[in-house]
Amino acid sequence: MLIINKKSYLSIILTVLRPYFVVSQANMSSGTLDTDKYSVAYVTVPTIEVGKTIGHGLVKNKLAACVNIIPQVTSIYEWKNEINEDSELLLMIKTRTSVVDKLTEYVRSNHPYEVCEVISLPIKNGNPPYLKWIGETVPET
């Protein structure tokens with residue numbers, strides 16, 4: 001009969017099980033390389049139909065990798081010297097920073113508002129495989 005002390009037993013168990021519990025750093029780390037290479041843009045729309053039309057157009061024209069449509073946004077704003085409150089939807093658009101101007105032009109050409117919201121922020125870090133996918137989906141200009 002083999003007798004193993006508790007410390008040795010735990011060491012053996014950890015050695016045997018380690019491959020099953022170690023998560024690859026490449027898959028889980030936050031990527032900070034190429035900062036500002038990718039952006040998220042925000043656009044408000046009045047209806048789901050407008051949101052889907054713009055979203056599909058952006059993806060089809062390779063101006064966005066993904067467009068999320070977020071419902072039930074309440075917007076309070078001043079327009080023509082009056083305070084307004086409207087129910088809208090928010091498009092959250094993932095793209096390359098280098099195409100934001102073209103994306104803005106596309107939205108302005110296809111949006112029903114006289115002055116539509118198109119704002120963008122750089123993605124400072126994120127899941128490297130996801131960022132890579134954005135880059136593979138949206139060509140550089």
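**Group meeting: strand 3 and the helices of a predicted model**

I'll start in helix 5, which covers residues 128–137: both Y130 and W133 sit there, three residues apart, or about one turn of the helix. An α-helix has 3.6 residues a turn, so residues three or four places apart point the same way. The count of aromatic pairs in this model comes to one. That pair is Y130 with W133: the ring centres are 5.3 Å apart and the planes meet at 45°, so the pair is classed as tilted. Are these two residues buried, exposed or something in between? Y130 has 33% relative accessibility, so it counts as partly exposed. W133 also comes out at 33%, and is therefore partly exposed as well.

Before going on, a word on confidence. This is a predicted model. The average pLDDT of the protein chain is 85, and 76% of the residues score at least 70. Residues 16–28 have a pLDDT below 50, and that stretch makes four contacts in the model beyond near neighbours in sequence. Where pLDDT is low, the predicted coordinates should not be read in detail. I will leave that stretch alone.

Now to strand 3, residues 82–96. What does strand 3 pair with? On one hand there is strand 1, antiparallel to strand 3, with eight bridges between the two. On the other there is strand 2, residues 66–79, which also runs antiparallel to strand 3 and is joined to it by 12 bridges. Strands 2 and 3 make a hairpin with two residues between them, and K80 in the turn has a positive phi of about 55°. For individual positions, C66 stands opposite K94 of strand 3, and S39 has T95 as its bridge partner.

T95 is worth a closer look. Its relative accessibility is 0%, so T95 counts as buried. Where does the T95 side chain reach? It comes to 2.6 Å from the backbone oxygen of L63. Leaving out residues up to four places away in sequence, T95 touches Y38, S39, L63, A64, V100, L103, I134 and V138.

R96 is in the same strand, strand 3. Is R96 buried or exposed? At 8% relative accessibility it falls under the 20% cut-off, so R96 is buried. The R96 side chain reaches the backbone oxygen of G135, at 2.8 Å. With residues up to four places away in sequence again left out, the contacts of R96 are K37, Y38, S39, I134, G135, V138, P139 and E140.

Two of the T95 contacts, V100 and L103, take us to helix 4, residues 100–110, where V100, L103, Y106 and V107 are buried. Why do these buried residues line one face? Looking down the axis of helix 4, they fall within an arc of 120°, so they line one face of the helix. The face turned away from that buried side carries D101, E105, R108 and S109, which are exposed.

What do the buried residues of helix 4 pack against? The list is strand 1 (38–45), helix 3 (48–60), strand 3 and strand 4 (119–122).

To recap: strand 3 pairs with strand 1 and with strand 2, and is among the elements that the buried residues of helix 4 pack against. T95 and R96 are both buried, and their side chains reach the backbone oxygens of L63 and G135 respectively.

Technical notes
Residues are numbered from 1 along each chain as its sequence is written. This is a predicted model: local features need pLDDT of at least 70, side-chain atom pairs count only at pLDDT 80 or more; totals for chains, interfaces and linings use all residues. Side-chain values use heavy atoms; hydrogens and water are left out. pLDDT is the predictor's confidence in each residue, from 0 to 100. Contact means heavy atoms within 4.5 Å. Helices (H or I, at least four residues) and strands (E, at least two) are DSSP runs, numbered from the N terminus. Buried means under 20% relative accessible area, exposed over 50%, partly exposed in between (1.4 Å probe, protein chains only). A polar contact is a pair of N or O atoms within 3.5 Å; within protein, one must be able to donate a hydrogen and the other to accept it, and residues adjacent in sequence count only if both atoms are side-chain atoms. The arc is that of the directions from the helix axis to the C-beta atoms. Two strands pair if DSSP finds at least two bridges between them. Rings of Phe, Tyr and Trp (its six-membered ring) pair if their centres lie within 6.5 Å; planes under 30 degrees apart count as stacked, over 60 as edge-to-face and the rest as tilted.
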